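I'm opening a fresh page for this one. My plan is to look up a few strands, then the cores, then one arginine.

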Amino acid sequence: MGGLNFEKTEEIISLQAKGNYTQLYFSDGRKMLVCKTLSALEFMIGNPLKFVRVHRSYTININRIQQYMRGKGGYVKMENGQKIDVSVSRKKYFMAALGNYFG
């Protein structure tokens, strides 16, 4: 309401859908709630090779992954300690994105 924030996308660890809002998690520990949907923010960021939707409610920054644990869908542990489930339906896309990004 007070103005516009300009943030560096490389500082974003993850984005979490919260209805018509999205919670952003930053590398310095900050959180920011924005009045945009997760899809709208993904479009604004515009980097599908670096930001990958791993779950209906989560998009992650591949550069900020600390660990991937296998399982049915598995989960990722982000550098801020977040554990984010990878949905079964998005696992194939996620693994392909990892392969494309890290070679």
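Below are my notes, in the order I looked things up.

**Entry 1: what I'm looking at.** I'm reading a predicted model.

**Entry 2: strand 1.** I started with strand 1, which covers residues 12-18. Is it enclosed or open? I found five of its seven residues buried, so the rest of the structure largely encloses it.

**Entry 3: who pairs with strand 1.** I looked for partners next. Strand 2 (residues 21-26) pairs with strand 1 in the antiparallel sense, and I noted six bridges between the two. For one example of who faces whom, I picked Ala17, which stands opposite Thr22 in strand 2. I also checked the turn: this hairpin leaves two residues between its strands, and Gly19 takes a positive phi near 70 degrees there.

Strand 1 also pairs with strand 5 (residues 58-61). These two run antiparallel as well, joined by three bridges. On that side I found Leu15 with Thr59 of strand 5 as its bridge partner.

**Entry 4: the cores.** Which residues have the most contacts inside the largest nonpolar core? I wrote down Val54, Ile60, Val76, Ile84 and Phe94, in a core of 14 residues. The elements that give two or more residues to this core are strand 4 (51-55), strand 5, strand 7 (75-78) and helix 2 (88-102). Helix 2 has the largest share, with three residues.

I then zoomed in on Ile84. Setting aside residues up to four places away in sequence, Ile84 touches Ser14, Val54, Tyr58, Ile60, Tyr75, Val76 and Met78.

There's a second core too, separate from that one, with eight residues. Leu24, Met32, Leu41 and Phe51 are among them.

**Entry 5: Arg53.** I saved Arg53 for the end; I found this residue in strand 4. Is Arg53 buried or exposed? I got 14% relative accessibility. The cut-off for buried is under 20%, so Arg53 counts as buried.

What does the Arg53 side chain make polar contacts with? I noted the side chain of Thr59, at 3.4 Å, and the side chain of Ser39, at 3.2 Å. Thr59 was already on my page as the bridge partner of Leu15.

Last, I listed the wider surroundings of Arg53. Leaving out neighbours within four places in sequence, Arg53 is in contact with Leu38, Ser39, Glu42, Tyr58, Thr59, Arg90 and Tyr93. Tyr58 had come up before, in my list for Ile84.

Conventions:
Residues numbered from 1 in each chain as written. Predicted model: local features only at pLDDT ≥ 70, side-chain atom pairs only at ≥ 80, totals over all residues. Heavy atoms only, no water. Buried < 20%, exposed > 50% of the residue type's maximum accessible area, 1.4 Å probe, protein only. Helix = DSSP H or I, 4+ residues; strand = E, 2+ residues; numbered from the N terminus. Pairing = 2+ DSSP bridges. Core = buried A, V, L, I, M, F, W, Y, C linked by side-chain atoms within 4.5 Å. Contact = heavy atoms within 4.5 Å. Polar contact = N/O pair within 3.5 Å; in protein donor to acceptor, adjacent residues only side chain to side chain.
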